[in-house]
Amino acid sequence: MKYILRTFILLFFFNCSAYEYTTQSPYFKGTSAEYDYEIFLQYSQIGCKSLLRIKNNSSKSKSTYIELTAYDGNDTNVDMTNYIIKLGSNEVAERTSYFTRVDYCSNVKKLRISIKGYWK
């Protein structure tokens with residue numbers, strides 16, 4: 001009886017402590033010109049960390065200049081960051097940058113993205 005009770009307690013413990021991992025969904029997602037992009041925001045010690053995942057859908061453009069502008073709830077420009085990324089056709093790239101003047105990512109209510117592709 002003692003072993004049966006111990007077995008049920010262990011089974012109950014292992015069943016309750018199961019953790020299912022779900023991937024983080026992007027805060028901002030869209031398509032601009034020949035590019036699909038996703039932007040993830042995470043808290044960091046130096047501000048709000050932005051992770052950009054971008055896919056080049058064009059066969060022409062080779063490098064890209066991307067500018068992200070963050071706005072608060074009052075539509076006030078609070079910070080800006082930029083990326084220069086070299087991408088081939090149908091290639092996906094991830095880059096990280098920081099909004100250093102934003103203390104918490106929850107303060108960012110809107111993002112404006114500007115993407116310019118260059119052909120060389």
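Trainee: In this predicted model, how many residues lie between β4 and β5 in their hairpin?
Mentor: β4 and β5 form a hairpin. Asp75 sits in its turn and has a positive phi of about 60 degrees. The number of residues between the two strands is five.

Trainee: Is Asp75 buried, partly exposed or exposed?
Mentor: Asp75 lies in the loop between β4 (63-71) and β5 (77-86). Its relative accessibility is 45%. Buried means under 20% and exposed means over 50%. Because 45% falls between those cut-offs, Asp75 counts as partly exposed.

Trainee: Which loop holds Asn90?
Mentor: Asn90 is not a glycine, yet its phi is positive, near 55 degrees. As for its place, Asn90 is in the loop between β5 and β6 (92-99).

Trainee: How many bridges join β4 to β5?
Mentor: The two strands run antiparallel. Within the pair, Thr64 stands opposite Ile85 in β5. The count of bridges from β4 to β5 is nine.

Trainee: Which residue in β7 is the bridge partner of Ile66?
Mentor: β4 also pairs with β7, in the antiparallel sense and over nine bridges. Ser63 stands opposite Tyr118 in β7. For Ile66, the partner in β7 is Ile115.

Trainee: What is the strand order in the open sheet of three strands?
Mentor: Strands of a sheet pair through backbone hydrogen bonds, either parallel or antiparallel. In this open sheet the pairing is antiparallel. The order is β5-β4-β7.

Trainee: Which strands stand at the edges of that sheet?
Mentor: The order in the open sheet is β5-β4-β7. An edge strand here has a single partner, so one side of it is left without a neighbour in the sheet. The twist averages 15 degrees from one strand to the next. The edge strands are β5 and β7 (110-118).

Trainee: Which residues make up the covered face of β7?
Mentor: In a regular strand the side chains alternate between the two faces of the sheet. The uncovered face of β7 carries Lys110, Arg112, Ser114, Lys116 and Tyr118. The covered face carries Leu111, Ile113, Ile115 and Gly117.

Trainee: Which element gives the most residues to the largest nonpolar core?
Mentor: Nonpolar side chains tend to be buried together in soluble globular proteins. The largest core here has 21 residues, and Ile39, Leu52, Ile54, Ile66, Ile85 and Phe99 touch the most other members. The elements giving two or more residues are β2 (35-44), β3, β4, β5, β6 and β7. With four residues, the one that gives the most is β2.

Trainee: Which residues does Ile39 contact, leaving aside its neighbours within four places in sequence?
Mentor: Ile39 is one of the core members that touch the most others. With those neighbours left aside, its contacts are Pro26, Tyr27, Phe28, Leu51, Leu52, Leu68, Leu111 and Ile113.

Trainee: Is Ser50 buried or exposed?
Mentor: Ser50 is in strand β3 (residues 47-56). Its contacts beyond four places in sequence include Phe40, Leu41, Leu68 and Phe99. Its relative accessibility is 0%. The cut-off for buried is under 20%, so Ser50 counts as buried.

Trainee: Which side chain makes a polar contact with that of Ser50, at 2.8 Å?
Mentor: Contacts of Ser50 beyond four places in sequence include Thr81, Tyr83, Arg95, Thr96 and Ser97. Among these, the side chain in the 2.8 Å polar contact is that of Tyr83.

Trainee: What is the distance of the polar contact between the side chains of Thr81 and Ser97?
Mentor: Thr81 is in strand β5. Thr81 is buried, with a relative accessible area of 6%. Its contacts beyond four places in sequence include Ser50, Ile66, Ser97 and Phe99. The polar contact with the Ser97 side chain comes to 2.3 Å.

Trainee: How far apart in space are Thr81 and Thr69, C-alpha to C-alpha?
Mentor: In sequence, Thr81 and Thr69 are twelve residues apart. In space, their C-alpha distance is 6.6 Å.

Trainee: In what order do the elements run from the N terminus on?
Mentor: The protein has one helix and seven strands. Of the contacts with a separation of 6 or more, 55% join residues 24 or more positions apart. From the N terminus on, the order is α-β-β-β-β-β-β-β.

Trainee: What share of the accessible surface belongs to carbon and sulfur atoms?
Mentor: Buried residues make up 31% of the 120 residues. The accessible surface comes to about 8500 Å². The share that belongs to carbon and sulfur atoms is 53%.

Note on methods: Residues numbered from 1 in each chain as written. Predicted model: local features only at pLDDT ≥ 70, side-chain atom pairs only at ≥ 80, totals over all residues. Heavy atoms only, no water. Buried < 20%, exposed > 50% of the residue type's maximum accessible area, 1.4 Å probe, protein only. Polar contact = N/O pair within 3.5 Å; in protein donor to acceptor, adjacent residues only side chain to side chain. Contact = heavy atoms within 4.5 Å. Pairing = 2+ DSSP bridges. Axes fitted to C-alpha atoms, helices over the stretch in contact; angles between N-to-C directions. Core = buried A, V, L, I, M, F, W, Y, C linked by side-chain atoms within 4.5 Å. Areas by Shrake-Rupley, 256 points an atom, 1.4 Å probe, with all protein chains shown as cover.
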